[in-house]
Amino acid sequence: MEIWRNYYKHPNKIKNTMELKTKINAENGKQDLTITREFDLPVELLFKAHAEPELIEQWMSNPYATSKILKFEAKKHGSYQQQSTDANGNVVFKANGAIHEFIPNKKITRTFEMENAPLGVQLEIYNFEKLTDNTSKLTTHVIYESGALRDQVLKMPFAQGLSMAHDRMQEIMTKSN
């Protein structure tokens, strides 16, 4: 079963009606990309949104799927597993990985593999940067097994979906502050 295709079955509903706040830089001929986003959040809250399963579930959920963190070991040599289900309880997305580095308020290095998808394993390096007391920046460097796999991901509504998730994260963490 190719559940990953179901996860992206609503590409026409994810429209780019305004400029996305999350920026993706993907140079031609390379197998990596860089994602940047500035948040109106202290760096501690931005990191917390990536370190607490209950918060991750909130901002990773969307109108089409509810996310659940099945396992989350927030430490070096830890691992994680997550899945999303549709309104009927069908699994539409499942992913897992290993955590290689976990430095509070600074950095998370992990692998990411979408299960039942021909996209391979990717390496993700999240850098959390304090801009001011109330603003921060997240820079994520993602390295794919090949340029072809990276380009396949970019053909999906990846940028729009990630920007929407970041928008939800900003909203949730602002309310929790």
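Is Phe-47 buried or exposed at 5% relative accessibility? In this predicted model, Phe-47 counts as buried, because its relative accessibility of 5% falls under the 20% cut-off. The residue belongs to a set of aromatic contacts, which are described below together with the salt bridges, the packing of helix H4 and the surroundings of two buried polar residues, Gln-82 and Ser-163.

Three aromatic pairs were identified in the structure. One of them joins Phe-47 and Phe-102, whose ring centres lie 5.2 Å apart; the planes stand at 65°, so the arrangement is edge-to-face. Phe-47 is located in helix H2 (residues 43-51) and Phe-102 in strand E5 (residues 91-103), and the pair therefore ties together parts that are 55 residues apart in sequence. Phe-102, like its partner, is buried, with a relative accessible area of 18%. Ring pairs extend this association to Phe-128, so that Phe-47, Phe-102 and Phe-128 are linked into a cluster.

Strand E5 also contributes Phe-93, which pairs with Phe-112 of strand E6. Here the centres are 6.4 Å apart and the planes meet at 25°, so the pair is stacked. The two positions are 19 residues apart in sequence, and the pair thus ties strand E5 to strand E6. Phe-93 is buried at 4% relative accessibility, and Phe-112 is buried at 11%. A further aromatic side chain, that of Phe-39, is covered by a charged group: Arg-37 lies over the face of the ring, at 5.0 Å from its centre.

Eight salt bridges are present in the structure. Among them is the bridge between the side chains of Glu-57 and Lys-68, with a nitrogen-to-oxygen distance of 3.7 Å. This pair links distant parts of the chain, Glu-57 being placed in helix H3 (residues 53-60) and Lys-68 in strand E3 (residues 66-72), 11 residues apart. The partners fall into separate accessibility classes: Glu-57 is buried at 17% relative accessibility, whereas Lys-68 is partly exposed at 46%.

A second bridge is formed by the side chains of Glu-124 and Arg-110, at 2.7 Å from N to O. Glu-124 lies in strand E7 (residues 121-132) and Arg-110 in strand E6 (residues 107-114), so parts that are 14 residues apart in sequence are tied together by the pair. Both partners are buried: Glu-124 has a relative accessibility of 6%, and Arg-110 has a relative accessible area of 15%. Strand E6 therefore takes part in a salt bridge to strand E7 through Arg-110 and in a stacked ring pair through Phe-112. In another bridge, the side chains of Lys-107 and Glu-101 meet at 3.4 Å, N to O. Lys-107 is partly exposed at 24% relative accessibility, as is Glu-101, with a relative accessible area of 26%.

Helix H4 (residues 147-154) has three named buried positions, Leu-149, Arg-150 and Val-153. These residues cover an arc of only 100° around the axis, which places them on the same side of H4. This agrees with the general geometry of the α-helix: with 3.6 residues a turn, residues three or four places apart point the same way. The buried residues of H4 pack against two elements, strand E2 (32-39) and helix H5 (158-176).

Helix H5 also holds Ser-163, which counts as buried at 2% relative accessibility. When residues up to four places away in sequence are not counted, Ser-163 touches Leu-20, Lys-21, Thr-22 and Arg-37. The contact with Arg-37 spans much of the sequence: the two residues are 126 residues apart in sequence, yet their C-alpha atoms are 8.7 Å apart in space. Arg-37 thus touches Ser-163 and also lies over the ring face of Phe-39.Gln-82 is placed in strand E4 (residues 78-85) and is buried at 6% relative accessibility. Leaving aside neighbours within four places in sequence, Gln-82 is in contact with Met-60, Lys-68, Ile-69, Leu-70, Phe-93, Lys-94 and Ala-95. Two residues of this list recur in the interactions described above: Lys-68 forms the salt bridge with Glu-57, and Phe-93 stacks with Phe-112.

How values were computed
Residues numbered from 1 in each chain as written. Predicted model: local features only at pLDDT ≥ 70, side-chain atom pairs only at ≥ 80, totals over all residues. Heavy atoms only, no water. Salt bridge = Lys/Arg side-chain N within 4 Å of Asp/Glu carboxyl O. Helix = DSSP H or I, 4+ residues; strand = E, 2+ residues; numbered from the N terminus. Buried < 20%, exposed > 50% of the residue type's maximum accessible area, 1.4 Å probe, protein only. Phe/Tyr/Trp six-rings, centres within 6.5 Å; stacked < 30°, edge-to-face > 60°. Lys NZ or Arg CZ within 6 Å of the ring centre and 35° of its normal. Arc of directions from axis to C-beta. Contact = heavy atoms within 4.5 Å.
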